[in-house]
Amino acid sequence: MSHITLNVQGMSCGHCVNSVEGALKNLGAAAKVDLAKGAVTVDYDESKTSLAAIKEAIEDQGYDVV
């Protein structure tokens, strides 16, 4: 299992949390959004998904990984 925290811009509400966490859950990753910090903490299995796929999934929801 890998563990990473990403800085993500553009998240501001519960809908944002649900969008990001749901998109990452679809990849098989467990995510926790911290709106106050603008961060997403992700636990994932590198044999099932990649960091690039995680970033792409977040960006596909309309947010910027910085």
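Is alanine 31 buried or exposed, and what is its relative accessibility? Alanine 31 counts as buried, at 18% relative accessibility. Buried means under 20% relative accessible area, exposed means over 50%, and partly exposed lies in between, with a 1.4 Å probe and protein chains only.

A word on the source. This is a predicted model, where local features need pLDDT of at least 70, side-chain atom pairs count only at pLDDT 80 or more, and totals for chains, interfaces and linings use all residues. Residues are numbered from 1 along each chain as its sequence is written, and side-chain values use heavy atoms, with hydrogens and water left out.

Back to alanine 31. It sits in strand 2, residues 30-34. Helices (H or I, at least four residues) and strands (E, at least two) are DSSP runs, numbered from the N terminus. Valine 20 is eleven residues from alanine 31 along the chain. Their C-alpha atoms are separated by 7.9 Å.

Next, the cysteines. How many disulfides does a search of the whole structure find? Zero. A disulfide here is a pair of cysteine sulfur atoms within 2.5 Å. Why is cysteine 13 not bonded to cysteine 16? Because the two sulfurs are 3.5 Å apart, too far for a bond. Cysteine 16 has the sulfur closest to that of cysteine 13. Cysteine 16, too, is in no disulfide. As for exposure, cysteine 13 is partly exposed, at 31% relative accessible area. Cysteine 16 is buried, at 5%.

Now the surface. Which residues form a negative patch? Glu56, Glu59, Asp60 and Asp64. Patches take residues with over 30% relative accessible area and no salt bridge; like charges are joined within 9 Å, and nonpolar side chains (Val, Leu, Ile, Met, Phe, Trp, Tyr) within 5 Å. A salt bridge is a side-chain nitrogen of Lys or Arg within 4 Å of a carboxyl oxygen of Asp or Glu. Helix 2, residues 51-60, gives the largest share of the patch: three residues. Glutamate 56 lies in that helix. Its relative accessible area is 48%, which is partly exposed.

Last, two loops. Glutamate 46 is in the loop between strand 3 (39-44) and helix 2. Glutamate 46 is exposed, at 58%. From glutamate 46 to alanine 29 is 17 residues in sequence and 9.6 Å in space, C-alpha to C-alpha. Glycine 62 is in the loop between helix 2 and strand 4 (64-65). Glycine 62 is exposed, at 58%. Lysine 25 is 37 residues from glycine 62 in sequence and 17 Å away in space, C-alpha to C-alpha.

Key
Accessible areas come from the Shrake-Rupley method with a 1.4 Å probe; for residues, only the protein chains shown count as cover. Lys and Arg count as positive and Asp and Glu as negative; His and the chain ends are not counted. The place of a charge is taken as NZ of Lys, CZ of Arg, CG of Asp or CD of Glu.
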